[in-house]
Amino acid sequence: MKTNSRFFTIGLVTSWYSSNIGVLLLNKYLLSNYGFKYPIFLTMCHLTACSLLSYIVIAWMKMVPMQTIRSRIQFLKISTPSLVFCVSVVFGNISLRFLLVSFNQAIGATTPFFTAVFAYLMTLKREAWLTYVTLIPVVTGVIIASGEFYFLSKGEQIFYAFASALRSMA
(Lines give C-alpha, C1' and ligand atoms only; values in the text may rest on other atoms or scores of the structure.)
Protein backbone atom coordinates (compact mmCIF):
# COMPACT_ATOMS: atom_id res chain seq x y z
CA MET A 1 0.00 0.00 0.00
CA LYS A 2 2.85 2.39 0.83
CA THR A 3 4.45 1.75 -2.58
CA ASN A 4 1.28 2.85 -4.40
CA SER A 5 1.18 6.05 -2.36
CA ARG A 6 4.82 6.73 -3.17
CA PHE A 7 4.25 6.23 -6.92
CA PHE A 8 1.17 8.45 -6.79
CA THR A 9 3.18 11.19 -5.08
CA ILE A 10 6.04 10.84 -7.57
CA GLY A 11 3.52 11.00 -10.42
CA LEU A 12 1.92 14.15 -9.03
CA VAL A 13 5.26 15.90 -8.50
CA THR A 14 6.47 14.87 -11.96
CA SER A 15 3.23 16.11 -13.55
CA TRP A 16 3.44 19.40 -11.68
CA TYR A 17 7.10 19.91 -12.60
CA SER A 18 6.53 18.98 -16.25
CA SER A 19 3.49 21.21 -16.60
CA ASN A 20 5.40 24.15 -15.07
CA ILE A 21 8.19 23.72 -17.60
CA GLY A 22 5.67 23.32 -20.42
CA VAL A 23 3.72 26.44 -19.48
CA LEU A 24 6.91 28.46 -19.11
CA LEU A 25 8.25 27.40 -22.50
CA LEU A 26 4.86 27.91 -24.16
CA ASN A 27 4.61 31.41 -22.67
CA LYS A 28 8.11 32.22 -23.91
CA TYR A 29 7.24 30.95 -27.39
CA LEU A 30 3.98 32.89 -27.53
CA LEU A 31 5.43 36.14 -26.19
CA SER A 32 8.79 36.16 -27.96
CA ASN A 33 8.81 33.90 -31.00
CA TYR A 34 5.18 33.97 -32.07
CA GLY A 35 4.78 37.70 -31.43
CA PHE A 36 1.83 37.56 -29.03
CA LYS A 37 1.84 41.03 -27.44
CA TYR A 38 -0.62 40.65 -24.57
CA PRO A 39 1.02 39.10 -21.48
CA ILE A 40 -1.77 40.28 -19.15
CA PHE A 41 -4.39 38.59 -21.35
CA LEU A 42 -2.23 35.47 -21.37
CA THR A 43 -2.13 35.57 -17.57
CA MET A 44 -5.91 35.96 -17.47
CA CYS A 45 -6.27 32.87 -19.68
CA HIS A 46 -3.96 30.86 -17.40
CA LEU A 47 -5.73 31.91 -14.22
CA THR A 48 -9.17 31.27 -15.74
CA ALA A 49 -8.07 27.78 -16.76
CA CYS A 50 -6.70 27.19 -13.24
CA SER A 51 -10.00 28.31 -11.72
CA LEU A 52 -12.06 26.06 -14.00
CA LEU A 53 -9.84 23.04 -13.46
CA SER A 54 -9.86 23.64 -9.70
CA TYR A 55 -13.64 23.80 -9.73
CA ILE A 56 -13.79 20.51 -11.66
CA VAL A 57 -11.45 18.84 -9.16
CA ILE A 58 -13.42 20.20 -6.18
CA ALA A 59 -17.04 20.05 -7.33
CA TRP A 60 -17.15 17.14 -9.76
CA MET A 61 -14.24 14.88 -8.84
CA LYS A 62 -14.64 15.63 -5.10
CA MET A 63 -10.92 15.26 -4.42
CA VAL A 64 -11.19 17.89 -1.66
CA PRO A 65 -14.27 19.27 0.10
CA MET A 66 -15.93 22.48 -1.12
CA GLN A 67 -15.33 25.33 1.30
CA THR A 68 -17.24 28.55 1.69
CA ILE A 69 -15.98 31.95 2.73
CA ARG A 70 -17.39 32.70 6.16
CA SER A 71 -16.40 36.33 6.76
CA ARG A 72 -15.03 39.48 5.21
CA ILE A 73 -11.75 38.97 7.10
CA GLN A 74 -11.38 35.48 5.66
CA PHE A 75 -12.11 36.90 2.19
CA LEU A 76 -9.35 39.50 2.64
CA LYS A 77 -6.93 36.85 3.89
CA ILE A 78 -7.63 34.84 0.74
CA SER A 79 -7.74 37.79 -1.67
CA THR A 80 -4.45 39.39 -0.65
CA PRO A 81 -2.16 36.47 -1.54
CA SER A 82 -4.30 35.84 -4.62
CA LEU A 83 -3.66 39.37 -5.82
CA VAL A 84 0.07 39.07 -5.10
CA PHE A 85 0.14 35.76 -6.99
CA CYS A 86 -1.65 37.33 -9.96
CA VAL A 87 0.77 40.28 -10.06
CA SER A 88 3.70 37.87 -9.78
CA VAL A 89 2.46 35.82 -12.74
CA VAL A 90 1.80 38.97 -14.81
CA PHE A 91 5.31 40.28 -14.23
CA GLY A 92 6.78 36.84 -14.89
CA ASN A 93 4.94 36.68 -18.22
CA ILE A 94 5.95 40.23 -19.13
CA SER A 95 9.58 39.43 -18.36
CA LEU A 96 9.50 36.48 -20.77
CA ARG A 97 9.11 38.95 -23.65
CA PHE A 98 12.54 40.40 -22.84
CA LEU A 99 14.57 37.70 -21.11
CA LEU A 100 15.80 34.21 -21.76
CA VAL A 101 13.90 31.49 -19.93
CA SER A 102 17.11 30.43 -18.19
CA PHE A 103 17.70 33.95 -16.86
CA ASN A 104 14.07 34.19 -15.76
CA GLN A 105 14.47 30.95 -13.82
CA ALA A 106 17.79 32.08 -12.32
CA ILE A 107 16.09 35.18 -10.94
CA GLY A 108 13.27 32.98 -9.66
CA ALA A 109 15.89 30.95 -7.76
CA THR A 110 16.37 33.96 -5.48
CA THR A 111 12.77 33.62 -4.21
CA PRO A 112 13.75 31.67 -1.04
CA PHE A 113 16.17 34.48 -0.10
CA PHE A 114 13.52 37.17 -0.44
CA THR A 115 11.02 34.93 1.36
CA ALA A 116 13.34 34.65 4.36
CA VAL A 117 13.99 38.40 4.38
CA PHE A 118 10.31 39.32 4.11
CA ALA A 119 9.32 36.73 6.71
CA TYR A 120 11.76 38.34 9.12
CA LEU A 121 10.61 41.88 8.30
CA MET A 122 6.93 40.98 8.64
CA THR A 123 7.06 38.74 11.71
CA LEU A 124 10.36 39.79 13.35
CA LYS A 125 11.05 36.10 13.86
CA ARG A 126 14.36 34.81 12.63
CA GLU A 127 14.95 31.48 10.98
CA ALA A 128 17.85 29.30 12.04
CA TRP A 129 21.17 30.83 11.03
CA LEU A 130 21.80 27.86 8.74
CA THR A 131 18.79 28.90 6.63
CA TYR A 132 20.35 32.27 5.85
CA VAL A 133 23.81 30.79 5.29
CA THR A 134 22.50 28.28 2.75
CA LEU A 135 20.81 31.06 0.78
CA ILE A 136 24.04 33.02 0.28
CA PRO A 137 25.48 30.69 -2.41
CA VAL A 138 22.19 30.74 -4.33
CA VAL A 139 21.98 34.52 -4.48
CA THR A 140 25.72 34.82 -5.12
CA GLY A 141 25.46 32.33 -7.97
CA VAL A 142 22.60 34.26 -9.56
CA ILE A 143 24.54 37.52 -9.32
CA ILE A 144 27.66 35.96 -10.80
CA ALA A 145 25.79 34.13 -13.56
CA SER A 146 23.79 37.10 -14.69
CA GLY A 147 26.22 39.94 -14.10
CA GLU A 148 25.57 42.49 -11.41
CA PHE A 149 24.82 45.38 -13.76
CA TYR A 150 22.42 43.34 -15.87
CA PHE A 151 20.74 41.99 -12.73
CA LEU A 152 20.23 45.45 -11.24
CA SER A 153 18.93 46.91 -14.51
CA LYS A 154 15.94 44.56 -14.62
CA GLY A 155 13.53 46.13 -12.15
CA GLU A 156 10.61 43.97 -13.24
CA GLN A 157 12.67 40.85 -12.46
CA ILE A 158 13.47 42.07 -8.97
CA PHE A 159 9.78 42.86 -8.40
CA TYR A 160 8.94 39.40 -9.74
CA ALA A 161 11.28 37.81 -7.19
CA PHE A 162 9.76 39.93 -4.38
CA ALA A 163 6.21 39.02 -5.42
CA SER A 164 7.17 35.34 -5.66
CA ALA A 165 8.60 35.53 -2.15
CA LEU A 166 5.41 37.08 -0.81
CA ARG A 167 3.35 34.47 -2.65
CA SER A 168 5.33 31.60 -1.14
CA MET A 169 4.77 33.00 2.36
CA ALA A 170 0.98 32.98 1.94
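User: Accessible areas come from the Shrake-Rupley method with a 1.4 Å probe, and for residues only the protein chains shown count as cover. What share of the protein's accessible surface belongs to carbon and sulfur atoms?

Analyst: Heads-up: this is a predicted model, where local features need pLDDT of at least 70, side-chain atom pairs count only at pLDDT 80 or more, and totals for chains, interfaces and linings use all residues. Residues are numbered from 1 along each chain as its sequence is written, and side-chain values use heavy atoms, with hydrogens and water left out. The protein's accessible surface comes to about 12200 Å². The share that belongs to carbon and sulfur atoms is 71%.

User: OK, what pattern does the protein follow along the sequence?

Analyst: The protein has eight helices and zero strands (DSSP runs numbered from the N terminus: H or I of at least four residues for helices, E of at least two for strands). Read in sequence order, that gives α-α-α-α-α-α-α-α.

User: What percentage of the contacts with a separation of 6 or more join residues 24 or more positions apart?

Analyst: A contact here is heavy atoms within 4.5 Å. Among the protein's contacts at a separation of 6 or more, the part from residues 24 or more positions apart is 72%.

User: Which residues form the largest nonpolar core?

Analyst: In soluble globular proteins, nonpolar side chains tend to be buried together. Buried means under 20% relative accessible area (exposed is over 50%, partly exposed in between; 1.4 Å probe, protein chains only), and a core joins buried Ala, Val, Leu, Ile, Met, Phe, Trp, Tyr and Cys through side-chain atoms within 4.5 Å. Across the protein, 23% of the 170 residues are buried. The largest core has five residues: Leu-24, Leu-31, Leu-42, Leu-96 and Val-101.

User: Leu-42 is in that core, so to speak of its helix: which helices help cover the buried residues of H2?

Analyst: H2 spans residues 39-60 and reaches 31 Å from first to last C-alpha, close to the expected 32 Å (1.5 Å times one less than the residue count). Its buried residues are Pro-39, Leu-42, Thr-43 and Ala-59. Leaving aside neighbours within four places in sequence, Leu-42 contacts Asn-27, Leu-30, Leu-31, Phe-36 and Asn-93. The cover over H2's buried residues includes helix H1 (2-33) and helix H3 (72-96).

User: And which residues of H3 are buried?

Analyst: H3 has 25 residues and reaches 36 Å, close to the 36 Å expected. Leu-96, one of the residues in the largest nonpolar core, is on its buried list. The full list is Ser-88, Val-89, Val-90, Gly-92, Asn-93, Ser-95 and Leu-96.

User: Is Lys-62 buried or exposed?

Analyst: Lys-62 sits in the loop between H2 and H3, just after H2. Its phi is near 50 degrees, a positive value in a residue other than glycine. With 65% relative accessibility, Lys-62 counts as exposed.

User: Where is Leu-124, with its phi near 55 degrees?

Analyst: Leu-124 also has a positive phi in a residue other than glycine. At 64% relative accessibility, Leu-124 is exposed. Its place is the loop between helix H5 (111-123) and helix H6 (129-146).

User: Back to the H2–H3 loop, where Met-66 is found: which residues does Ile-58 touch, not counting those up to four places away in sequence?

Analyst: Met-66 is exposed at 53% relative accessibility, and it helps make a nonpolar surface patch of about 730 Å² with Tyr-55, Trp-60, Met-61, Met-63 and Val-64. Ile-58, in helix H2, is partly exposed at 27%. Ile-58 touches Val-64, Pro-65 and Met-66.

Terms used:
Patch = residues over 30% accessible without salt bridge, like charges linked within 9 Å, V, L, I, M, F, W, Y side chains within 5 Å. Salt bridge = Lys/Arg side-chain N within 4 Å of Asp/Glu carboxyl O.
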